[in-house]
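The following exercises concern the architecture, the core and the aromatic contacts of one protein. Please work through each task before reading its solution.

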Amino acid sequence: MFRIRIAAALAAALASTALVPAAPAVALPAWEDHATSWTNPDAREPKVVNLRYGAHQNFDRVVIDIQGRMPGGRIHYAKNFFYDGSGEPVPIKGKAGLALALNPAVAHNHAGDSVYDGPRIARPHLDTLKAIAFTGDFEGYVSFAFALTHRAQYRVFTMYDPLRLVIDFRH
């Protein structure tokens, strides 16, 4: 009798969980094919501390780790890139590219020492993302350049815990 009660309770529990709808998936933003910008008036000197990248089935992804609040930013298509402050050309090339500037943002501490631990230049040679460059930490702006194999659509969004900015480049 005890086994029948346990089996009945287990069957009821399984049936009730089958009727509970699944939590909705978080929708990703639409793919963009033009310059995009955003602001965050609450941002107070966020720190850009790392960048990593990887390939996915339909897109290549860059993840930028942020400490503090998410800075505002602007991303736009560019073919040639230059280092902030000096104006020197950045030694990465692609058939197309995107430039990203985060503001207000820094990649250094109050003593002036760099807190950015990501690549200065990387050449991952993924399907769309050919090369990446850290192009500046200058006067409240932190900037990056992304050389692409073609003028790809992209999407930019934020993820939390930990805070990070995500950029996907469509294949």
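Helices (H or I, at least four residues) and strands (E, at least two) are DSSP runs, numbered from the N terminus. The structure is a predicted model, in which local features need pLDDT of at least 70 and side-chain atom pairs count only at pLDDT 80 or more, while totals for chains, interfaces and linings use all residues. Residues are numbered from 1 along each chain as its sequence is written, and side-chain values use heavy atoms, with hydrogens and water left out.

**Exercise 1. Architecture**

Task: State how many helices and strands the protein has, and give the strand order of the open sheet.

Solution. Step 1: the protein has one helix and ten strands. Step 2: read from the N terminus, the elements run α-β-β-β-β-β-β-β-β-β-β. Step 3: strands count as paired if DSSP finds at least two bridges between them. An open sheet of six strands then follows the order β1-β4-β5-β8-β7-β6, and its pairing is antiparallel. Step 4: β1 (36-38) and β6 (121-122) are the edge strands, each pairing on one side only. Step 5: within the sheet, β4 (residues 72-77) and β5 (residues 96-103) are joined in the antiparallel sense over six bridges. Histidine 76 has alanine 99, in β5, as its bridge partner.

**Exercise 2. The nonpolar core**

Task: Identify the residues with the most contacts inside the largest nonpolar core, and the strand that gives the largest share.

Solution. Step 1: buried means under 20% relative accessible area, exposed over 50% and partly exposed in between (1.4 Å probe, protein chains only). Of the 171 residues, 39% are buried. Step 2: a nonpolar core is a set of buried Ala, Val, Leu, Ile, Met, Phe, Trp, Tyr and Cys residues joined through side-chain atoms within 4.5 Å. The largest such core has 29 residues, and Val48, Ile64, Leu100, Phe144, Phe146 and Phe169 have the most contacts inside it. Step 3: β8 provides the largest share of this core, four residues. Step 4: a second, separate core of nine residues includes Phe81, Val90, Ala131 and Ala133. Step 5: in general, nonpolar side chains of soluble globular proteins tend to be buried together.

**Exercise 3. Aromatic pairs**

Task: Count the aromatic pairs and classify the pair of phenylalanine 134 and phenylalanine 144.

Solution. Step 1: rings of Phe, Tyr and Trp (its six-membered ring) pair if their centres lie within 6.5 Å; planes under 30 degrees apart count as stacked, over 60 as edge-to-face and the rest as tilted. This rule gives seven aromatic pairs. Step 2: the ring centres of phenylalanine 134 and phenylalanine 144 are 5.5 Å apart and the planes stand at 70°, so the pair is edge-to-face. Step 3: phenylalanine 134 belongs to strand β7 (residues 129-138) and phenylalanine 144 to strand β8 (residues 141-148), so the pair ties together parts ten residues apart in sequence. Step 4: phenylalanine 134 is buried at 8% relative accessibility, and phenylalanine 144 is buried at 1%. Step 5: ring pairs link Tyr116, Phe134, Phe144, Phe146 and Phe169 into a cluster.

**Exercise 4. Charges over rings**

Task: Find the rings over which arginine 151 and arginine 155 lie.

Solution. Step 1: a charge sits over a ring if NZ of Lys or CZ of Arg is within 6 Å of the ring centre and within 35 degrees of the ring normal. Step 2: arginine 151 places its charged end over the ring of tyrosine 77, 3.6 Å from the centre. Step 3: arginine 155 lies over the face of phenylalanine 59, at 5.0 Å from the ring centre.
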